[in-house]
Amino acid sequence: MNQDSVDILLIEDNENDAELTIRELKKNNMANNLMQVSDGEEALEFIFCTGRYKSNKPIAVRPKLILCDIQMPKVNGIEVLQKIRSHPSTATIPVVMLTSSKEDPDIQKCYALGANSYIVKPVDFGSFAQAIKNIGYYWLLLNHPPAK
Amino acid sequence: MHLKQKNSKFFKPWVILPLVIFIVIVFVFARQAKANKDAAFWVAHTQEVLFRSEKLFAVLTDAETSLRAYLLTGTPYFYQHFKEAKIELPIAFNTILQLTADNAVQQATLTNMRKQVLARISVADSAIAVKINDGPKAALETVIQRKGGHYLDAMRNFVDQIQGREAGLLTTRKNTSSIEAKIELATFSAIIVLLLGLLIILFKKETQLASNTERKKSEAMFSALLESAPDVMIIVNEKGEVILANHQTEVLFNYTKSELIGQQIEVLIPEAFIFEYVQSLGKSSKTVVTNIELAAIRKNAGFFPVEVNFSPIQIDKQVLVIASVRDITDRKKAVAEIDRLNVSLEEKVLSRTAALRAANNEMEAFTYSVSHDLRAPLRGIIGFTTILEDEYSSSLDEEARRITSIIKNNTTKMGNLIDGLLSFSRMVRQQIIKIDVAMDGLVAEAIAESANKNNDSIEWVISPLPNIKGDPFTIRQVWANLISNAIKYSKRNEHPKIEIGWQKEVNETIYFVKDNGIGFDIKYKEKLFKVFQRLHAATEFEGTGVGLAIVEKIITKHGGKIWADAAIGQGACFYFSLPNNG
């Protein structure tokens with residue numbers, strides 16, 4: 001995959017969830033330029049071209065959408081969101097927060113930090129698949145992203 | 001007792017004395033009247049005597065002059081006149097003699113006078129005889145020789161004597177009677193004054209006696225009151241010296257009354273400061289000292305706490321102070337115990353609160369983790385089973401597809417149970433914020449929401465509902481739950497009918513949702529509102545068994561109640577009450 005033109009960055013530590021998500025996006029032909037990282041740390045390295053991604057050209061890695069799980073080891077989704085929003089070059093990238101739980105106490109915090117959406121992943125696969133499809137459709141096709 | 005009182009009242013001297021005084025006054029007046037009458041009598045008597053004596057003298061003079069005139073003139077008229085006078089004389093004498101019968105001196109004078117008159121008459125008779133024999137001249141000489149000329153003078157003298165004596169007597173009598181009257185008056189006045197004085201003294205004594213009896217009675221009552229008082233009662237003078245103490249004083253302070261009388265009250269209560277209290281009485285409007293706590297000393301023993309009240313009383317211009325003293329040792333102990341318990345209770349509450357908060361936090365973390373960590377694997381199971389079904393359907397036979405379907409159903413059910421459990425636990429922690437809630441609106445919303453998934457064959461009977469104070473978000477959930485239940489359990493009826501109504505009570509309003517569905521056995525009503533308790537098989541009616549548990553939680557949090565009425569096959573009615581005042 002060409003990391004220079006990523007449309008969707010999926011930050012998900014749960015490999016099964018990631019697979020189901022990617023499967024659904026692929027099914028709808030929206031995963032051609034999808035990059036998946038498995039935790040917040042890797043996500044930040046990728047976004048800011050540091051660590052294992054320091055050879056990337058910063059300007060090239062601006063995705064159309066970041067799907068970010070909240071509960072992750074090391075650096076969680078909220079910290080990732082905070083970093084993205086606090087950096088001028090990434091501040092306007094649409095970020096959709098994904099969570100497994102309705103009980104998530106961080107929903108307010110996420111919106112306050114500038115999350116574009118807050119999605120609870122349904123247990124039921126049909127609903128989950130529908131949700132992923134809708135997200136991809138909306139952010140990649142309907143939404144007009146800010147200029148790079 | 002009663003009779004005796006009546007008698008003694010009747011004989012009370014100050015009742016009789018006025019009577020005596022009255023009698024005395026009447027007597028004095030009677031005496032005075034008699035004296036006046038006597039005086040008048042004596043005046044009349046004297047005048048009578050004077051008149052009669054004058055009359056006598058007149059008759060004498062008449063007799064003498066008519067004698068002489070006859071002797072001189074020989075006119076029978078004069079002789080006749082002389083004879084008449086001579087007849088009148090004894091009568092005149094008798095009259096005076098009778099008048100002065102009680103006076104020997106007058107009688108003697110009169111007797112003497114009569115003797116001389118009789119002598120003169122005999123002279124006159126002889127002179128008349130001389131005239132007949134020797135002519136008038138000789139007759140006159142006889143009269144004159146016999147000192148007829150001095151005769152009248154002598155008579156006058158007698159009369160004067162009688163009159164003078166009588167007048168003298170009158171004066172004496174007048175004087176005597178006036179002196180007597182004066183003495184009498186004075187005596188009686190003195191007696192009346194004396195009686196009046198006596199009366200006053202007796203009256204005073206009587207009233208004093210009565211007031212003494214009253215005083216004794218009230219003293220007895222006072223002392224009984226004092227003695228029966230449950231508290232220590234001590235009366236002290238303005239210097240703080242004990243004048244009176246009741247039995248409780250002896251009990252509490254271990255002194256006898258005789259030991260206490262005359263002692264300073266400060267011996268018992270060192271900080272009583274009665275003198276200062278009495279000094280302050282005039283200056284401050286606050287005269288009664290109430291419920292001050294002081295230390296007291298028992299005889300030959302230590303201090304103990306007392307509650308003291310002072311109130312001033314004024315008797316005969318002397319200020320006394322009534323001190324009531326109550327032993328508050330037990331109360332103090334109780335208060336100390338309460339304080340101690342309060343402190344430990346507070347500590348307990350604090351530690352419990354902390355524990356509760358910790359438990360709550362733990363619960364929240366647990367809930368979150370359950371929600372998050374249990375759901376993700378479920379999603380995986382369902383997701384991949386679905387992929388298996390969708391993408392590998394050609395490789396799966398019918399039995400394999402049946403099994404994948406069972407896997408998915410169970411997993412879905414587990415997801416629903418987790419969701420239900422989470423909403424219940426969320427409701428337990430949910431804060432209720434009460435505002436004015438329009439029930440009609442909530443019911444309409446709940447029906448609209450449920451009707452989406454159900455047919456429109458239901459007959460709705462909905463009364464306009466009164467508003468109430470409540471948390472609209474959770475109350476909405478109550479309606480949604482009860483209405484969806486009603487729809488769910490009546491859907492098998494050919495003509496499902498759901499009735500929504502209310503009833504106003506004094507302190508609460510009762511709302512109800514009634515259906516004509518399958519109902520339930522009322523003996524299981526206790527299980528209705530418990531988490532995961534179901535009265536119908538899940539295969540028959542879907543559900544997780546948390547809906548009514550959540551509803552019950554919401555109603556309880558509002559201070560209301562929820563209950564149900566039902567019978568198998570005859571529908572169910574769910575009632576909930578909410579307080580009217582919020």
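1. A crossing is left-handed if the near helix is turned anticlockwise from the far one by less than a right angle, and right-handed if clockwise. In this predicted model, α12(B) passes α13(B) in a left-handed crossing. The axes (lines fitted to C-alpha atoms over the stretch in contact, with angles from 0 to 180 degrees between N-to-C directions) of α12 (residues 472–490) and α13 (residues 547–557) of chain B come within 9 Å and cross at roughly 145°. Helices here are DSSP runs (H or I, at least four residues), and strands are E runs of at least two, numbered from the N terminus.

2. Happily, the contact (heavy atoms within 4.5 Å) is easy to look up: Val478(B) and Leu482(B) are among the α12(B) residues, and Ile550(B) and Ile554(B) among those of α13(B).

3. On salt bridges (a Lys or Arg side-chain nitrogen within 4 Å of an Asp or Glu carboxyl oxygen), the whole structure has 31 over all chains. One joins Asp69(A) and Lys121(A) at 3.5 Å, N to O; these residues lie 52 apart.

4. A note on conventions: local features need pLDDT of at least 70, and side-chain atom pairs 80 or more. Residues are numbered from 1 along each chain, and chains are lettered from A.

Conventions
Side-chain values use heavy atoms; hydrogens and water are left out.
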